[in-house]
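Visitor: I should like to take a close look at the salt bridges of this model. Please guide me through them, one pair after another.

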Amino acid sequence: AESSDIEAMKQLWFRSVEVLTAAGLPIGIGLGLVASEFVPVVLGQQWNMAIPVVQVLAPVLGGLVIIGSHATILMALGRNDLLFRITVVQFPLRVVMITALVAAAGLSGAVFAQAATGFVWFGQILYSTSHATGVAWLDPFRRTWRSFVSAAVMTVCVAGVDRWLGTGPAAMSMEWLLLYKVAAGALSYTVTHWLLWHVASRPDGVERLALVTLAGLRGRAAR
């Protein structure tokens, strides 16, 4: 019974990674891609200095969201000691890197330090989770390939909109450019994900979960 409970926990973990990747990846990468318009339009021109910060850190934060469930599975297995070891390494590393790089490069150094320590955290949490569960670090991500391919297509589409409508005689206002880029990103990501799901013979993935959720919402709305 205990082994079956652990297996069920792993399957739930894999599903959570799949869902978090499908949501966190396009949001993190997408926000980085539209930062040049998002910051002045939403926050105001006075925040333009934050554009490179958002461009670098938004994808990193998206990655943190994706593997957030790894920390949860460690806690569920009672391996808080591994999380403590990660913190013991992260805290002094973050302090040293931020202090040194801010002194050397100012705000750009702080951004790079945050991104670099984020990547170190990725490695730590992946290694610790693999060690605690006996699951290869890549296994939880085997169901997420459609999200990564869709995010790549989204990146190309948003970059294309930026090139065609953001410069030259066809250039438009930041508000409209932001709207077009968000629409292009959301549409290309969703359509690519949907097509890849059908190409893969419609496995029991996040797409099916989305359909079930939408059907449930429609049912409630019809009552």
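Guide: Arg142 has a relative accessible area of 54%, which is over the 50% cut-off, and therefore Arg142 is exposed. In this predicted model, the side chain of Arg142 meets that of Asp139 in a salt bridge, with 2.8 Å from N to O. Asp139 has a relative accessibility of 26% and so counts as partly exposed. As general background, side chains of opposite charge can pair when their charged atoms come close.

Some of the salt bridges share partners, and these join Arg15, Glu18, Arg146, Asp204 and Glu207 into one network. Within this network, consider Arg15 and Asp204, whose closest N and O atoms are 3.6 Å apart in a salt bridge. Arg15 belongs to helix 1 (residues 2-33), whereas Asp204 sits in the loop between helix 8 (174-199) and helix 9 (206-222); the pair therefore ties together parts that are 189 residues apart in sequence. Asp204 counts as exposed, because its relative accessibility is 53%.

A further pair is formed by Lys181 and Glu37, a salt bridge in which the closest N and O atoms are 2.8 Å apart. Here, too, distant parts of the chain are linked: Lys181 lies in helix 8 and Glu37 in helix 2 (residues 35-43), with the two positions 144 residues apart in sequence. Both Lys181 and Glu37 are buried, whereas Arg142 is exposed.

The pairs described here are among the 9 salt bridges counted in the model.

Terms used. Residues numbered from 1 in each chain as written. Predicted model: local features only at pLDDT ≥ 70, side-chain atom pairs only at ≥ 80, totals over all residues. Heavy atoms only, no water. Salt bridge = Lys/Arg side-chain N within 4 Å of Asp/Glu carboxyl O. Helix = DSSP H or I, 4+ residues; strand = E, 2+ residues; numbered from the N terminus. Buried < 20%, exposed > 50% of the residue type's maximum accessible area, 1.4 Å probe, protein only.
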